[in-house]
Amino acid sequence: MRQALIAPSILSADFGRLADEVRAISDAGADYVHVDVMDGHFVPNLTIGPPVIESVRKATALPLDVHLMIENPDRFLEDYARAGADVICVHAEACTHLHRTIQAIQALGKKPAVALNPHTPHDALRYVLDDLAMVLVMSVNPGYGGQAFISAVLPKIRALRAEASARGLPLDIEVDGGIKVENVHLVAEAGANVFVSGSGIFGQADYQQAIRDMRKRADIAAGTLI
């Protein structure tokens, strides 16, 4: 099992001092900066676009994990790649020709990832799994931060990890939604190794301690740390 990677979601950061917040999680030991992009159509909320991501890119050397919760993401892949995304994640539910979208992300020199909403089965990725760097399992319904974790996704994580292992794939499995120090062990035990947390990190007084505790609990649960 791969060691835990922590991806604080800036959706829960103080946007009035966003550059400082990004630098703070970088200094605190985060592995990714998770950026939630919402268009008000695919999900019922509106967040940020490429100009903000350009500013985030200037504030950190960490890889930017850009999660596109938008309709027809193909129209904007070049914009987000140019803005500084390292991982570009699209939703399976938003892509008419998912394989073509993945190829387009690869052609831009970025790591392709696909997100699955809580109701979407892991089998939706059967024919594209070999082409992915990461799968993002949503453990809340996308659109808002601060929601409660949906435990029904745990069998999906297990199935994805089993499928990746059977194929010999070095797949990252990321989980996003309601992840906190108190429950991170559940998704780590199921096979996830990348953990998105918004309020579980930005809602804490000590970002470094929150990241350290989350990583340690995940590694112990996954058996990578005794």
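This report walks through the interior of the structure above: its nonpolar cores, cysteines, one aromatic pair, a buried aspartate and a cavity. Keep in mind that this is a predicted model.

**The cores**

Start with the largest nonpolar core, which has 65 residues. Within this core, the members that touch the most others are I10, L125, I157, V187 and F195. If you want to look at one of them up close, pick L125. Leaving out residues up to four places away in sequence, L125 touches A92, L98, V114, L116, L132 and V135. Apart from the largest core lies another one, made of twelve residues, and A113, M134, V140 and V196 are among them.

**The cysteines**

How many disulfides does the structure hold? The count is zero. For C89, the nearest cysteine sulfur belongs to C95 and sits 9.4 Å away. Turn it around and C95 has the sulfur of C89 as its nearest, again at 9.4 Å. A disulfide needs the two sulfur atoms within 2.5 Å, so C89 is in no disulfide, and neither is C95.

Are these cysteines buried or exposed? C89 counts as buried because its relative accessibility is 0%. C95 comes in at 9%, so C95 counts as buried too. The table puts these values next to the one for D172, which comes up again below.

| Residue | Relative accessibility | Class |
|---|---|---|
| C89 | 0% | buried |
| C95 | 9% | buried |
| D172 | 11% | buried |

**The aromatic pair**

There is one aromatic pair in the structure. F202 and Y207 make it up, with ring centres 5.3 Å apart. Why is the pair called edge-to-face? Because the ring planes meet at 75°, and planes over 60 degrees apart get that label. Both F202 and Y207 are buried.

**A buried aspartate**

D172 belongs to strand β7, which covers residues 172-176. With a relative accessibility of 11%, D172 falls under the 20% cut-off and therefore counts as buried. What is D172 in contact with, once its neighbours within four places in sequence are set aside? The list runs to R2, Y32, A133, M134, V135, R161, N193 and V194. M134 in that list is also one of the members of the twelve-residue core.

**The cavity**

Last, the empty space. The count comes to one cavity of 30 Å³ or more, and the largest cavity has a volume of about 30 Å³. Its lining consists of I10, L11, F15, V35, D36, T47 and I48. You've met I10 already, as one of the residues touching the most other members of the largest core.

Technical notes:
Residues numbered from 1 in each chain as written. Predicted model: local features only at pLDDT ≥ 70, side-chain atom pairs only at ≥ 80, totals over all residues. Heavy atoms only, no water. Core = buried A, V, L, I, M, F, W, Y, C linked by side-chain atoms within 4.5 Å. Buried < 20%, exposed > 50% of the residue type's maximum accessible area, 1.4 Å probe, protein only. Contact = heavy atoms within 4.5 Å. Phe/Tyr/Trp six-rings, centres within 6.5 Å; stacked < 30°, edge-to-face > 60°. Helix = DSSP H or I, 4+ residues; strand = E, 2+ residues; numbered from the N terminus. 1 Å grid on protein atoms, 1.4 Å probe; cavity = no way out; pocket = protein on both sides within 12 Å on 5 of 7 lines; lining within 4 Å. Points joined across faces, edges and corners; volume = space filled by probe spheres on them.
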